[in-house]
Every structure is written in C-alpha cells, then in structure tokens.
Amino acid sequence: MEKSRSELGQIIVGVARDPLGLMGLIIVGVIVFCAIFAYWIVPYDPIAMDIKSRMQGPSTAHLLGTDQLGRDTFSRVIAGGQVALKVALPAVFGAMAIGLTLGMIAGYGPKWLDNLLMLFFDTIRSFPTVMFALAVVALIGPSLQTVVFVVMATSIPTYGRVARTQTMTLRNSEFILAERSMGASMSRILGVHMLPNIIGVLAVLAAMDIPTVIALEAGLSFLGLGVKPPTPSWGSLLKDGYSLIRQTPWLVVGGGLPIILATLGFTFLGESLRDVVDPKLRKQR
Amino acid sequence: MKIEWTQANVGRRRFLKGATALGAATVLPMGWANRAFAADDGVLRVRAYGDAQNMDPAHSVGVVEEEVHASIYNKLIQYKPGNEWGWQLDAATMIEQVNPTHIKFALRDDIGFTNGFGAMTAEDVKFSMERIVDDATDSPNKPDLGPFSHVEVTGEREGTIVLNSPFAPIWSIALPYITGNIVSKAAVEAAGGRIGADPVAESGPYLRDSWSPKEKTVLKRNPDWKGDAPTWDTVEIYPIDDENTAEIAFEAGELDMTRVSLASVERYRAGVPNGGSLVEKPSLYYVWMGMNVEHPKLQNQKLRQAIQHAVDVPSILEAAYFGAAEPATGIIAPGLAGHRAESLVPPAANFEKAAQLLAESGETNVTLTLDTLNKTTFTTTAQIIQATLAQIGITVEVNVLESGAFWASGDNENLQLVLNRFSMTPDPYYATSWFTPEQIGKWNWERFNSPEFNEIHESAAAETDIAKRAEMYQRAQDLMEESGAYRFITHEATPVIHSARVIPALRPDGLSLLRYFGKAT
C-alpha cells in the first residue's frame with residue numbers, strides 16, 4: 001500500500017513538473033470541483049425560468065447573461081459540466097473496464113476466442129460513432145443513459161485492442177512463463193501480473209478519451225438528441241446559442257468555452273501522464 | 001528533368017507580410033464586386049430557404065419550386081400580391097364559373113413555349129391538369145385538384161374545366177398554385193412524359209437561365225414574352241437554409257430580400273441596414289400541442305381540457321417567438337374563410353380552472369411525454385409547457401426527436417403529447433383535411449375521430465357560399481377544441497426585409513411572387 005501510494009505521488013509530481021501537465025491538472029481539477037459542487041456554486045437554479053429577463057447580456061447579476069427563457073447562463077454552464085462528467089466518466093471507465101477484460105482474454109486465451117473477439121471489436125468499430133449514436137437515439141430515445149451507452153459501446157474496441165496487444169506482448173515474458181510453470185491460474189496471471197502492467201497505458205488512453213466523449217455528448221445535445229430538456233448541457237447551450245447568435249452571442253461563449261477548456265485540460269493531462277508513465281516516449285520527443 | 005529544391009527564406013515577419021498582402025488581395029476584389037453589384041440594378045438577388053431542383057409542377061414539393069415555376073410557366077390565374085387573398089388573370093383572358101362544376105376559360109393568343117413548341121393552347125391546359133390527376137403520373141399534388149374530372153377543349157384557346165362535384169378551393173389552391181401551372185403537351189411528350197431538373201419548354205416572363213445545385217438559380221427575362229414586362233432583367237435565387245446566414249448576407253449587400261428569423265424582428269423594427277425595410281406578414285402555418293385521445297393516459301376528456309387551460313400561450317409567444325407572433329385561434333389563419341376571431345380556450349393559462357378540471361377528471365400523479373422536433377423554437381416551447389403543466393401537478397418529460405423520427409410519428413400509438421406545426425395553402429379545406437378519421441395513423445396524430453367534423457370537411461369543400469362556408473369551418477375548429485385534443489398556439493409570422501431598391505411583390509402570407517417585383521425609383 002505504501003509503495004503504491006508513493007507511485008501515485010510520483011506520477012502527480014511528475015505531471016505537476018511539466019508546465020502543460022500542471023495546466024491540465026488545474027483545468028481538470030477546476031472542472032471536476034465545479035461539477036461535484038455545482039449546486040452549491042451556481043448563483044441561480046439552472047432550470048428556473050424568468051421570461052421577462054430573457055436574453056440579457058453579461059452583468060453582475062448574470063455573469064454570462066441569460067438565455068431565451070431567462071435562465072442564468074453561468075449557472076447552466078456550471079451545471080452542464082456535471083452532465084458532461086456524468087456522461088464522460090462512467091462511459092470512459094465502463095468502456096475501459098469491459099475493453100480491458102475482453103482484450104486480456106483475447107490476448108491470453110485460445111486463438112478461436114481471440115478471432116471471435118476481434119471480429120466483435122471490428123464489427124463495432126465499423127459503425128461511424130455519430131451515425132451509430134443517432135440510430136440508437138432514434139430507437140430508444142434521447143437520455144443521459146443513452147449517451148453513456150453509445151459512448152461506452154463504441155469505445156470498448158479501442159481499449160480492447162490496446163489491452164490485447166499489451167497482453168500478447170507480455171504473455172511470453174519470463175515472469176509470466178515462470179508463473180505458468182508454477183501452475184498459476186489464468187485469473188491470477190491476468191489479474192495479479194498482467195493487469196498492473198497494462199492499466200497505466202489504458203489510463204492514459206482514458207484521460208485522452210474524456211474530451212472526445214464530452215465533445216460527443218455536446219454534439220448529440222447540439223443536435224437536440226443528448227440529455228432531455230430542461231437539463232443543462234454544454235451542447236444544448238451551444239445549440240440555443242447558435243440559433244440566437246445574432247441576439248445573444250453569450251450563449252455560444254457559455255457553451256463553447258468549457259468544451260474548449262475541458263478538451264485542452266484533459267489532453268494536456270493525458271499527454272503529461274503518458275510521458276510520466278512511459279518515459280521512453282518522452283525521450284523520443 | 002532535375003528539380004532543385006531550395007529552402008525558402010520565409011521568416012516570421014516575411015510570412016506575416018505575405019499573409020497580409022494575400023488577405024488584402026482577396027478582400028479587394030470583393031469590395032469591387034460589391035460596388036459593381038450596387039451599380040448593376042438589373043439583377044434582383046433573393047434568398048430561398050431551399051433549392052428548386054424539379055421543374056415539373058406535377059412533382060413540385062412546395063413553395064421553393066413554385067417560386068421558380070410561377071416565373072417560368074403561366075397559369076390561368078395567379079395570386080395577387082398584397083394583403084388580401086385574391087387572384088388575377090394570367091394566361092387566361094377570360095375565366096368564369098358557369099355552374100358549380102363547370103369553369104369556362106379562354107387563353108391569350110400571345111403566349112408561346114420556348115424551344116419551338118409553339119403557342120399555348122387549350123390542349124396544353126387539358127394536358128397539364130389531367131396529367132396531375134392521372135395515377136400514372138403519381139403526382140403528390142393530386143389532392144390539390146380535389147374532385148377535378150377533366151378539361152373539355154372547345155376551341156384552340158377555349159375550354160371548360162369540369163369537376164365531379166363543386167369544389168371551392170379550385171379558385172384558391174388548384175388554379176393559382178402548383179397544379180395551375182401550364183406546361184407544353186408537345187414538349188413533355190417529346191421528353192417521354194416527365195420533366196426533370198431542366199424545364200423542357202417555358203412560357204413565363206422569365207426563363208431559367210442556369211441552375212447550380214445548392215448554389216444559385218438564375219432567371220433571365222424571356223425575350224418573347226408579350227405580357228407586362230417584368231421589371232428586373234435577371235433574378236438570382238440563392239438557397240440559404242439558415243436565417244442567420246441569410247441576414248448576414250443581406251446586411252453585407254449580397255441579397256436584396258430575405259425572410260428573417262422572428263428573433264431578429266425587434267432589431268429590424270429599429271431599422272434595417274442600408275436603408276432597407278421590414279415587412280411583417282402573417283403566416284398560414286399553424287402550431288399546436290396535440291393530445292393522443294386514444295392513449296390510455298389521455299382518454300379522460302377532463303384531463304385533456306385541464307391541460308388546455310394550463311398551457312400559457314403568451315409566455316410561449318414571448319420566449320419562443322420573441323413577441324413577433326400572435327396567438328392562434330385554430331388551424332385557419334386570419335384572412336382565410338373560417339378563421340375564428342377567438343378560441344374557446346383563451347390564450348392565457350387559467351391555472352385555477354385547469355386545477356378544477358384536473359380534480360374533476362379524478363386523475364392523480366399524471367406523468368406524460370411531450371414529443372417535439374429538435375429545433376430551438378420547439379424545445380423552448382416544450383420547456384414552457386413542461387413548466388406550466390407542472391403548476392397543476394402534471395409532470396411532463398420532453399422527448400426531443402430528429403426530423404426523420406418525428407415525422408414518422410403518425411402510426412405511433414404510444415404518442416402522448418406532441419408539439420406540431422403544419423404548412424398551409426390559402427384555403428381552409430387544406431387545413432381540415434389532415435384531421436379527418438381517414439387520416440388517423442397518417443397525419444391525424446391526435447386520433448381525433450369526429451363524424452361531424454368529417455361531414456363538415458366534405459361538405460364545406462363543395463360549399464360556394466363564402467359566409468356559410470366560413471361558419472362551417474368555424475364549427476369544425478370548435479369541435480377540435482371541444483375534444484380537448486388540441487391547444488392552438490400560433491400561426492407564426494413571416495417577417496421579410498428588402499433593400500431600398502426593391503418593391504417586393506408578396507402574397508398575403510409573405511411568400512414572393514417574383515414576376516411582379518418592382519424597382520424603387
């Protein structure tokens with residue numbers, strides 16, 4: 001336990017020493033903090049309407065103005081962050097968990113199972129993500145759960161393929177061969193010996209994937225097919241803002257800026273994590 | 001051949017200089033182009049919300065194509081520009097209803113078709129109308145001709161339109177709109193019976209000079225046109241779907257006229273750039289919230305009536321339509337026969353009455369879904385409905401759908417509440433035709449089933465007494481509202497801006513009649 005704690009500490013220190021990594025860490029920290037404490041931070045109820053105060057510009061009362069229903073845009077941006085992370089975190093980590101398990105089984109298991117799982121991954125990957133998302137939404141209707149499901153389903157093959165490659169690289173390593181010769185079970189070899197060697201790479205991949213998922217959720221909400229109204233989301237803010245860009249451009253700013261920041265933050269953090277976890281890459285750069 | 005590559009000496013400063021020069025070079029010609037455009041007052045540039053892709057009136061899909069067809073073809077009669085619905089002679093020198101089922105006409109003798117297809121004759125009129133009702137043509141516009149039977153040709157340029165039964169919309173839809181366009185029989189037959197993306201023969205004041213798909217349609221003055229000459233030598237029609245984009249194009253001087261968004265009306269009321277003007281016309285569209293009366297959750301009429309009274313239309317008009325639209329009293333817009341001065345349920349919500357009706361219904365813990373299109377206007381409206389129904393304890397979940405899924409809702413028996421908007425032609429017959437029992441499972445999404453309504457729909461189409469006909473349609477709308485299945489919201493509006501050099505010719509609902517556009521002196 002002590003050892004793992006010091007490893008985590010080393011990773012955090014490593015990221016913090018990289019200026020871009022530190023910036024990423026701060027941005028992600030702020031976004032996560034705002035998402036967790038959204039309903040304590042927001043100055044107004046994000047779904048409370050006040051039609052008489054609609055489409056106001058920024059002021060001390062409303063930092064980013066109001067939308068067409070008189071709702072405070074700043075409050076909706078903060079609450080929208082919660083929705084973005086509610087989609088991104090379960091979707092990415094769910095996909096990672098399933099992809100990791102299937103990928104390790106494919107890499108370590110018999111050839112026929114590998115072929116079968118690869119066929120499964122390739123089949124899912126053959127669907128363009130957005131088209132697949134639109135089809136699923138049309139079938140089962142838009143909701144937070146639908147978006148999480150779509151993202152998770154389309155991301156599993158990515159994690160699965162990486163996990164499979166890593167597993168295949170490791171399966172003939174001396175320490176694995178030694179374990180096998182001592183009669184260790186498959187679950188022990190995969191869970192105790194291989195997992196710690198794979199999880200770091202996948203964690204980096206997950207960090208880099210989070211902005212993609214946030215953008216996908218925003219994209220679906222922009223099309224009106226993400227979370228249901230009146231739940232605030234960055235994508236729906238952008239959609240309303242786009243329609244009303246000549247009347248109240250602040251909605252577009254409110255919806256667009258957090259997406260840009262989240263993308264930058266998670267990307268910086270992911271790249272920095274990759275450098276720390278795999279110093280060889282850093283030397284190559 | 002040996003090519004020697006040398007490293008270009010492009011420093012940051014040199015790059016910036018080069019980029020600036022390139023930018024200036026790009027901008028300058030645009031400036032000159034604008035000046036040239038301003039000086040060239042023979043070209044009228046207008047925006048359409050879609051691309052006119054089909055030159056066959058039998059397969060026209062609506063106003064976008066009709067705007068071009070009305071310029072390059074002739075009809076016996078055309079709509080009159082102005083604020084009141086009416087028609088004027090076009091290809092006909094005379095047209096009269098000799099009895100409820102027979103209309104006599106005589107054609108002008110100076111209209112000819114291009115490409116050597118000769119003068120327009122009564123045979124062309126017969127061919128044009130009869131091919132639309134011919135099942136082999138499979139025309140989506142066939143219903144517009146109602147009980148049309150055939151045309152009797154009585155002379156080279158004389159004939160009689162024969163109906164199977166009286167049909168009042170013949171004067172308001174069939175003759176002056178899509179189905180009234182006269183094409184050349186010889187030209188269409190020579191083309192194998194079908195007109196595609198290019199007209200086979202034209203006869204109107206304009207000829208379609210060119211069409212760049214999704215970019216521009218150019219109409220040029222027809223040199224052989226013998227009627228009143230159109231004012232503009234050339235008309236360029238730009239398909240621009242997005243109103244914000246069209247507004248920017250207008251303000252940049254690239255367009256002479258465009259419909260603008262309702263959100264922009266307030267700004268343009270304060271002044272239109274470059275000395276232009278804003279024209280606000282009522283629209284014929286109708287927007288309403290429907291309730292599926294066959295759904296188990298909505299079979300209770302008192303509950304539906306409670307919902308009617310709990311929807312606050314003024315709030316919707318303020319937030320979703322920016323105060324630029326008036327409340328609707330039904331499906332028939334002002335200016336048309338059958339329009340009701342007032343609806344049975346007032347536009348403003350009456351929460352006390354709604355709560356009382358809800359209590360009388362005996363329903364508790366009501367939770368409903370409201371389906372709507374993924375457009376900001378509709379999602380905004382849906383959220384207001386959601387908020388106002390919450391005030392009487394009804395929970396609404398807004399179900400946003402993309403257009404494909406939404407427009408396939410006709411056979412969706414699980415539909416509960418739905419926010420809807422239908423287009424309209426200038427005759428009440430067109431409005432009531434979607435709510436008959438026959439339309440259940442197609443366009444009658446509320447599954448409103450009223451034999452009396454159906455009877456009115458059929459008999460009012462044949463009624464030629466305008467006052468009597470108006471009363472019938474008013475009663476039809478009363479029936480719709482009394483059923484509790486409908487909460488009428490608005491007919492929207494058609495705000496149009498035009499440049500100072502244009503005198504627009506618009507139908508009472510704001511749609512363009514390009515051949516009648518004038519020039520400001």
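B:Arg421 sits over the face of B:Tyr285, 3.8 Å from the ring centre. That's a good way into this predicted model, and a second arginine does something similar: B:Arg267 lies over the face of B:Tyr268, at 4.7 Å from the ring centre. Below is a quick tour of chain B overall, then the nonpolar cores, then the aromatic pairs.

**Chain B overall**

- Chain B carries 14 helices and 20 strands.
- Its radius of gyration comes out at 26 Å, close to the 24 Å that the globule rule gives for 521 residues, so chain B is as compact as a globular protein of that length.
- The C-alpha trace of chain B spans about 90 × 80 × 55 Å along its principal axes.
- Of the 521 residues in chain B, 55% are buried.
- If you look at contacts in chain B with a separation of 6 or more, 68% of them join residues 24 or more positions apart.

**The nonpolar cores**

- The largest nonpolar core has 106 residues, and the ones with the most contacts inside it are B:Met289, B:Ile307, B:Ile394 and B:Leu417.
- Helix H9 of chain A (residues 186-222) puts in the largest share of this core, with 14 residues.
- Within chain B, domain 1 (41-73 + 204-280 + 495-521) and domain 3 (286-491) both give residues to this core, so it lies between them.
- Zooming in on B:Ile394, and skipping its neighbours within four places in sequence, you'll find it in contact with B:Leu303, B:Ile307, B:Leu358, B:Val366, B:Leu368 and B:Leu389.
- There's another core lying apart from that one, made of 91 residues, among them B:Phe148, B:Leu175, B:Trp225 and B:Leu513.
- As background, nonpolar side chains in soluble globular proteins tend to be buried together.

**Aromatic pairs**

- Searching the whole structure turns up 29 aromatic pairs over all chains.
- One of them to pull up on screen is B:Tyr79 with B:Trp85, an edge-to-face pair with 5.4 Å centre to centre and 70° between the planes.
- That angle is over 60 degrees, which is why the pair counts as edge-to-face.
- B:Tyr79 has 4% relative accessibility, under the 20% cut-off, so this residue counts as buried.
- B:Trp85 has a relative accessible area of 21%, which falls between the 20% and 50% limits, so this one is partly exposed.

How values were computed. Residues are numbered from 1 along each chain as its sequence is written. Chains are lettered from A and ligands numbered from 1 in the order in which they are written. Side-chain values use heavy atoms; hydrogens and water are left out. A nonpolar core is a set of buried Ala, Val, Leu, Ile, Met, Phe, Trp, Tyr and Cys residues joined through side-chain atoms within 4.5 Å. Buried means under 20% relative accessible area, exposed over 50%, partly exposed in between (1.4 Å probe, protein chains only). Helices (H or I, at least four residues) and strands (E, at least two) are DSSP runs, numbered from the N terminus. Domain bounds come from an automatic or database domain assignment. Contact means heavy atoms within 4.5 Å. Rings of Phe, Tyr and Trp (its six-membered ring) pair if their centres lie within 6.5 Å; planes under 30 degrees apart count as stacked, over 60 as edge-to-face and the rest as tilted. A charge sits over a ring if NZ of Lys or CZ of Arg is within 6 Å of the ring centre and within 35 degrees of the ring normal. The radius of gyration is taken over C-alpha atoms; the globule rule is 2.2 Å times the number of residues to the power 0.38.
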